[in-house]
Structure formats: C-alpha cells, structure tokens
Amino acid sequence: MRLVTVGVSGSLPGPDSPASCYLVQADDAERTWNVVLDLGSGALGPLQRHVDPADLDAIGLSHLHPDHCSDLSGLYVYLKYHPERGVVRTGVPRELPVLGPSATCERAAAMYGLEPGEDMATEYAFRTWEPGSPVRVGPMTLEPFRVNHPVEAYGVRVTGPSSDRAGESATLVFSGDTDMCPGLVEGARGADLLLCEAAFLEGRDDGVERGIHLTGRRAGKVAAEAAVGRLLLTHLPAWTDPADTLAEARGVFDGPTELAVAGGVHTL
C-alpha cells in the first residue's frame, strides 16, 4: 500500500496545504485501487496530481465537518459533467461508493444546494459506516471505529498488501478527528502506520473544550499504547509551529515519528 498525504492542514486550508485528504493506493494482479480518506476544503485540486478523480474506487469520510468533506461538491461536478467520462456524457451511472456518518447523503446534497427531490444517486452511492462491518475495496479492507469528537466521527483501519514486504499485508490507521479515547487506541493496535491528527498543543489549548482534538503529546501516547510501528502527525492548523507538535509526540513515543506534508508519499 501507498499513502499520499494530499491535504494535511487542520480545520481549514493553510498556505501550503489544503484541508484533510489522504489517498490510499494498493495493487492487485489487475490494477491499482484508489481510496480517498476525507475530501476536505481545497483538496480536489491537488488530488488530481496523483489520480484522475474518475478512477477513484471509494471515498471514506471520518466525519462531516467542512474541512473533511466539502470537496464532495466539486467531485460531484467532475463525475457528472466531465466531457468524456461524466455521467451526463456517457449516460452510465458512476455510483462511486461514499462511506461516512449517517447523514452524509443529506449533507452532500445541502452543500451543493440541490433542489428538493434532487439527489446525487447517479454519481455517488452513499453508505453509512458500521463499526464491526468491514468494507472491501479491491485488495483493501476498511474497518471503521468510533472516536471522540463533538459530531458522529470515525477512525478507519485499512489493511492491504504491503509494498515494503512482498507477500505480506500492512495496516494503516487514520484517526480522523478525535481526542484520546479507548476506541482510538484499540483501533490503532499494532498498526504499521498511524496517521494521527494533532491539532492542539499542550498548555496553549488547555482552555478549549476537551474531547475535540489530540495534542502532539496525546497522539504520541496513543501510538505508544497501541504499539504502532510509525506515527505520522497531521491536521495541524496553520497557526501552529510543527516543531512544537513533533517535539510533544517524540517526548512520549520512541518509534519513528514524522510530520505529514502535502504531497508526501509513504509506503507500508
């Protein structure tokens, strides 16, 4: 598997990155499969540097805040009106699987401003995450688990063929947005790579309502308790010095720890 960190900025696009968007790719004997985890504000543009949006096989949304899902509107336009591959031109429904919280279908329609009675059924096939019910996408298995955020929110565990170890499988875990919680630790247990948000800093954000985001330190604690192989920190707001977040995480987790950057590629 390969992870492309298309967008890594927390809460809103930053000067160097769009908001949350992560492309996970895996090969089988036939082709490359493409899954996008989150499609936040500004992400669809740079995503096209890595894959034709018409070649996506599934989208998984951690939750429905705009910085994680708003570019569903732009993708809808692409899938509907592309002059060669769009549904209007081909007459063939695309029905791209979109996995997410229970209100994803309604939120997507509202964001785009569809009229009453209109839907996106020819472009998207919406499906609600169900913890304990894995979803198969080509050679990858996606397993959602609930995490701690003010809205319905999920982390996702992705298992697929390893690119680094021939004949073996690898596991990527994406935290979504969450504070530290037992569900995240268990969901990340033994993962090769934990892609973990760290939007807050210790001290600076102590007065903000708890249960919203991790700090670098708390992300490091999750990585240590879950015994993951590597930690990749993401979802840092533009006003945060990444060096501070990295130092917090490395203070409690002694495994390999990096900062996600827009356009970065990581193999598992």
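Helix 3 and helix 5 are roughly perpendicular to each other, a label given to angles of 65 to 115 degrees. Helix 3 covers residues 72-81 and helix 5 covers residues 104-112; the two pack at an angle of about 80 degrees, with their axes 9 Å apart. From helix 3, the contact draws on Leu-72, Ser-73, Tyr-76 and Val-77, and from helix 5 on Ala-108, Met-111 and Tyr-112. These residues divide into six nonpolar, one polar and no charged.

The model is a predicted one, in which local features need pLDDT of at least 70 and side-chain atom pairs count only at pLDDT 80 or more, while totals for chains, interfaces and linings use all residues. Residues are numbered from 1 along each chain as its sequence is written, and side-chain values use heavy atoms, with hydrogens and water left out.

Several terms need their limits. Helices (H or I, at least four residues) and strands (E, at least two) are DSSP runs numbered from the N terminus. Two strands pair if DSSP finds at least two bridges between them. Axes are lines fitted to C-alpha atoms, for helices over the stretch in contact, and angles run from 0 to 180 degrees between N-to-C directions. Contact means heavy atoms within 4.5 Å.

**The two sheets**

One open sheet has seven strands in the order 6-5-4-3-2-1-14, with mixed pairing. Its edge strands are strand 6 (124-128) and strand 14 (264-267), each pairing on one side only. Neighbouring strands of this sheet are turned by 20 degrees against each other on average, direction ignored. Strand 5 (residues 96-100) runs parallel to strand 6 and is joined to it by five bridges; Gly-100 stands opposite Thr-128 in strand 6. Helix 3 packs on this sheet, touching strand 3 (32-39), strand 4 (58-60), strand 5 and strand 6, and its direction makes about 145 degrees with that of strand 6.

Another open sheet is formed by seven strands in the order 7-8-9-10-11-12-13, again with mixed pairing. Strand 7 (135-137) and strand 13 (257-259) stand at the edges with a single partner strand each, so one side of each is left without a neighbour in the sheet. Strand 12 (residues 230-234) and strand 13 run parallel and are joined by three bridges; Leu-231 has Thr-257 in strand 13 as its bridge partner. Helix 8 (residues 242-250) lies across strand 12 and strand 13, running at about 165 degrees to strand 13.

**Empty space**

On a 1 Å grid over the protein atoms alone, a cavity is a set of points where a 1.4 Å probe fits but cannot get out, and a pocket is an open set with protein on both sides within 12 Å along at least five of seven lines; lining residues have an atom within 4 Å of a point.

| Space | Volume | Lining |
|---|---|---|
| Largest pocket | about 320 Å³ | 11 nonpolar, six polar, one charged |
| Largest cavity | about 40 Å³ | two nonpolar, one polar, four charged |

Of the 18 residues lining the largest pocket, the closest to its centre are Val-8, Ser-9, Ser-17, Leu-236 and Pro-242. The whole structure holds one cavity of 30 Å³ or more. Among the residues lining the largest cavity are Asp-205, Asp-206, Arg-210 and Arg-218.

Terms used: Grid points are joined across faces, edges and corners, and a volume is the space filled by probe spheres set on the points. Ala, Val, Leu, Ile, Met, Phe, Trp, Tyr, Cys and Pro count as nonpolar, Asp, Glu, Lys and Arg as charged, and the others, Gly among them, as polar. Angles under 35 degrees count as roughly parallel, over 145 as roughly antiparallel, 65 to 115 as roughly perpendicular and the rest as oblique.
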